[in-house]
Amino acid sequence: MAARKRLICRTSELEECGSGVRFVTTDKNGEKLPGFVIRHNGIVFGYVNRCAHIQVELDWQHGEFFDADRQLLMCATHGALYAPNTGECVGGPCHGAFLTKLPMIEEDDGVYLVN
Ligand code: FES
């Protein structure tokens with residue numbers, strides 16, 4: 001089956017290490033999944049918006065995922081820190097666990113979820 005892509009936002013909406021864009025997708029069973037996309041080192045990365053520690057959303061304000069240094073993603077609940085490019089927890093209660101990645105592409109001035 002051919003991959004489908006869904007426009008999530010325009011390229012200009014994702015600044016380097018800036019605010020993320022939240023969206024809702026579904027898993028393979030049709031259950032709703034909260035997702036988000038951010039830009040890091042010029043590349044867009046998408047993840048399910050659920051901490052690897054406890055399944056709560058990460059953002060400390062709507063769409064705000066980066067820590068104060070704007071280098072790592074941070075969970076608002078207990079402060080787990082994640083590498084933006086891999087989703088690996090590099091500090092905090094779920095050290096070594098990973099966020100669930102969502103496949104994203106950027107083309108034609110748009111950021112797309114691919115599934
Ligand atoms: S729920 Fe995210 S660090 Fe505990």
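Five salt bridges are found in this structure, a salt bridge being a side-chain nitrogen of Lys or Arg within 4 Å of a carboxyl oxygen of Asp or Glu. Before we visit some of them, a word on the source: this is a predicted model, in which local features need pLDDT of at least 70 and side-chain atom pairs count only at pLDDT 80 or more, while totals for chains, interfaces and linings use all residues. Residues are numbered from 1 along each chain as its sequence is written, and side-chain values use heavy atoms, with hydrogens and water left out.

Let us start with lysine 5, which forms a salt bridge with glutamate 107, with 2.1 Å between the closest N and O atoms. This pair links distant parts of the chain, as lysine 5 sits in strand 1 (residues 5-10) and glutamate 107 in strand 9, 102 residues apart. Strands here (E, at least two residues), like helices (H or I, at least four residues), are DSSP runs numbered from the N terminus. Lysine 5 is partly exposed at 43% relative accessible area, and glutamate 107 is partly exposed too, at 30%. On this scale, buried means under 20% relative accessible area, exposed means over 50%, and partly exposed lies in between (1.4 Å probe, protein chains only).

Glutamate 107 also leads us into a hairpin. Strand 9 (residues 104-107) and strand 10 (residues 110-114) run antiparallel and are joined by four bridges; two strands count as paired if DSSP finds at least two bridges between them. Opposite glutamate 107, in strand 10, stands glycine 110. Two residues lie between the strands of this hairpin, and aspartate 108 in the turn has a positive phi of about 50°.

Next comes an open sheet of four strands, with the order 2-3-4-8 and antiparallel pairing. Strand 2 and strand 8 (101-102) are at the edges with a single partner strand each, so one side of each has no neighbour in the sheet. Further in, strand 3 (residues 32-40) pairs with strand 4 in the antiparallel sense over six bridges. Within that pairing, arginine 39 stands opposite valine 44 of strand 4.

From strand 2 we can follow arginine 22, whose side chain meets that of aspartate 59 in a salt bridge (2.7 Å, N to O). Arginine 22 lies in strand 2 (residues 21-26) and aspartate 59 in the loop between strand 4 (43-48) and strand 5 (73-74), so the pair ties together parts that are 37 residues apart in sequence. Aspartate 59 is buried, with a relative accessible area of 12%, whereas arginine 22 is partly exposed at 30%. A network of salt bridges links Arg22, Glu57 and Asp59.

The loop between strand 4 and strand 5 also holds asparagine 49, which is buried with a relative accessible area of 0%. Its side chain makes a polar contact with the side chain of aspartate 59 (3.2 Å). A polar contact is a pair of N or O atoms within 3.5 Å; within protein, one must be able to donate a hydrogen and the other to accept it, and residues adjacent in sequence count only if both atoms are side-chain atoms. Leaving aside neighbours within four places in sequence, asparagine 49 is in contact with residues including Arg22, Glu57, Asp59 and Phe65, where contact means heavy atoms within 4.5 Å.

One more salt bridge rounds off the tour: the side chains of glutamate 64 and arginine 70 meet at 3.6 Å, N to O. Here glutamate 64 is buried at 14% relative accessible area, and arginine 70 is partly exposed at 30%.
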